Structure formats: structure tokens, C-alpha cells
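Hi,

Here is the structure I said I'd pass along. Have a look at it first, and my notes on what turned up are underneath.

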Amino acid sequence: MQNLDLKRNNRISLAPMLDWTTRDFRFFARLFNPNVIMYSEMVTTGAILHGDAHRHLDFDVKEQPIVLQLGGSNPQELAQCSKMGEDWGYNEINLNVGCPSDRVQHNKIGACLMAEPELVAECFHQMQKAVSIPVTIKHRIGIDDLQSYEHMLNFVDTVAQAGCQHFIVHARIALLNGLSPKENREIPPLRYDDVYRLKQERPHLTIEINGGIKTVDETLQHLQHVDGVMIGREAYHNPYLLAELAQHFDGQALVNRFDVMQTMLNYMQQRLDEGVPLSLMTRHILGLFQNLPYARKWRQALSGGNAKNLQDVAQALMMMQTALTSSTENTMPMK
């Protein structure tokens, strides 16, 4: 395993998102930023232990540094899956205590675990004992009737007593009885100040913030108060944000979108040869030209079954190159 530094200052990470941060999107996202921390989708312990482990755990080495996020509440099963993740090559293991989905609540997975800090502490203890790589916790600022800052602080302190030093905090509560998962991402107000206060009162802990962060400027503002920033849906819909973050934090030259797609086309051919349907890959690259002219044409060319083969994707790319070149020439000042 590569010896990668996941504890550098100004840690920037890409949030785990079910059905979105698949291995194909992670490979695509890595082309924009060499240092952002990637997270897998949440994988339940049951899926790993009783399903197709390769399908859930495989990744391309180019995706590193990468974190495996686990969903579960059985300490022994979580420990076993953590060890498998380490052996598979993941650089860090994360326990999901933030997902508000109904289907995971019934299995005592995700945000509902905030009501059981002692169980989460035991899960962490067994997970960390099983591996030599870091184990972290991702959680909400509260759930249902446990909405106060004091409730969150009690949760963090309980888990920290078991040895956890790194918490990723989604700065919204989750209302598990009344809101859908989508509504829980949008309706509860963001309470960034609670996360700032947590870092201020527990300065020895590593605290990352997550929720509604969309720009480099917002990232910089948060980093005045906490140790890291996790960006979610904005980076999926506008992956060029990752390039802008790499330019600011790592001094990287901004990548060329067309160069990214040439690399991606080669990758997509390899995945097609493995039997992966093209549509499962094209859906992850729709945001390539977000905020640029003709971005809608790019999305239309790849959506709704319009891209039937890789040649269709290449032709759409040529269409964009011609359109954007013409647009640039037409807006150049007259000499």
C-alpha cells in the first residue's frame, strides 16, 4: 500500500454519496485533483460479508488516497470488514453515522446510531483494533429529539473516549421521522457554528465540516475554523471545482477538460471490455462542462440512451470542442 498522508493541513475530501461516488466517478474525479481524499459509497457489512466483495471493494489504484465507508452496527462484523478494507488497499476506514435513509435505519445503520453513542464507541474500538490504518466517524450534528449542541458534544466525547480522534460532521440535523433522505439534505438548516464550536472546545480532535459547500471561497472560510472540508454534490455536478481546489491548495495548473476526457475515454474502453454498460459511466461525466456555453448540449448527447457506444461519446466531445472554440473566437475583441 502506498504511504499516503491523509492528515495534511487543509484536508479536502469528496463526500461518500450512494449511487454517485462509484469507482467510475472516483476515477473521473481524480483526473481533476491529485490530492483530494476520495470516499467510497457507503458499503454495508452485510453486502461485503454475504455478497460480492469484489464488486463493492475493488478500485483503481489511481483513485488513492481513498477511504472505505462502512455501514453497520455490529462491532465484530465492522472489524472484519475494516480488516478486509485494509487488505484491499484502502488508506482509511470510515463509519457512517450520518445517512438518514429509511432502508438503513431498519438495520441500525447511519444517523440513527447517534442515539447510541456507546455502541458507536464500541464499534470504533473494534474497528481500530483490527487495522493499522486510521478509522474515522462521519455523523450529523443531531437527529430527531437529540438536536442540541450538547447532545452532539456528548456523542463526540463518548466516541473520543474510545480513541477516535477524527470526526467528519455534516452540519445539519437529520429528521428520521418525517423527512425523506433528499429532504434531509436540504430542509434542516445548516448550523456551521456548531461545528466551529466543537473544534474550538475540542481542539485536540480533528474536525472536518460537510454540508452545502460549493466554492473555493466557502472552503477557505470554513478552514479558518476547522481542520478540513468535505464537498459533496457540488463536486459531482461541477467536477471542475476539484481542479480549482487543486490550483489553490496544491499549486496545480488547471487541467484541460478535453485532456481529462481523452484519459477517460481510454478508461471507459477498459471498463467496457470488462462488461460494464456504457450508461453506467456516462452518467458520471455529465457535469464536465458545467457553467460553460453548450453544457446542455453535452448532457443531452450523453443522456437518454443517446450515447450508444464510445464513438458517440467521442463525437460529442468533438462537438463541444468545435462549439467552444467558435464561441471563444466570436467573443474575442476586435483588433
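I'll start with a strand pairing: Ile143 has Ala174 in strand 7 as its bridge partner. To get there from strand 6, the chain passes through helix 7 (residues 149-161), and this β-α-β crossover is right-handed. Strands 6 and 7 run parallel, with six bridges joining them. Do keep in mind that this is a predicted model.

On to the next pairing. Strand 7 is also joined to strand 8 (residues 206-210), again in parallel, by five bridges. One of the pairs there is His166 with Thr206. As for how enclosed strand 7 (residues 166-174) is: nine of its nine residues are buried, so the rest of the structure largely encloses it.

The residue I'd like you to look at is Arg140, which sits in strand 6 (residues 135-143). Which side chain of opposite charge is nearest to Arg140, and how far away is it? It turns out to be Asp144, at 10 Å, and Arg140 has no salt bridge even though it is buried. What its side chain does reach is the backbone oxygen of Ile173, at 3.2 Å.

Ile173 also shows up in the contact list for Arg140, which leaves aside neighbours within four places in sequence. Other residues in contact with Arg140 include Val169, His170, Arg172 and Ala174, and also among them are Val97, Gly98, Pro100, Met114, Met152 and Asn184.

Cheers

Conventions. Residues numbered from 1 in each chain as written. Predicted model: local features only at pLDDT ≥ 70, side-chain atom pairs only at ≥ 80, totals over all residues. Heavy atoms only, no water. Helix = DSSP H or I, 4+ residues; strand = E, 2+ residues; numbered from the N terminus. Buried < 20%, exposed > 50% of the residue type's maximum accessible area, 1.4 Å probe, protein only. Lys, Arg positive; Asp, Glu negative; His and termini not counted. Salt bridge = Lys/Arg side-chain N within 4 Å of Asp/Glu carboxyl O. Polar contact = N/O pair within 3.5 Å; in protein donor to acceptor, adjacent residues only side chain to side chain. Contact = heavy atoms within 4.5 Å. Pairing = 2+ DSSP bridges. Right-handed = clockwise from strand over helix to strand, strands pointing away.
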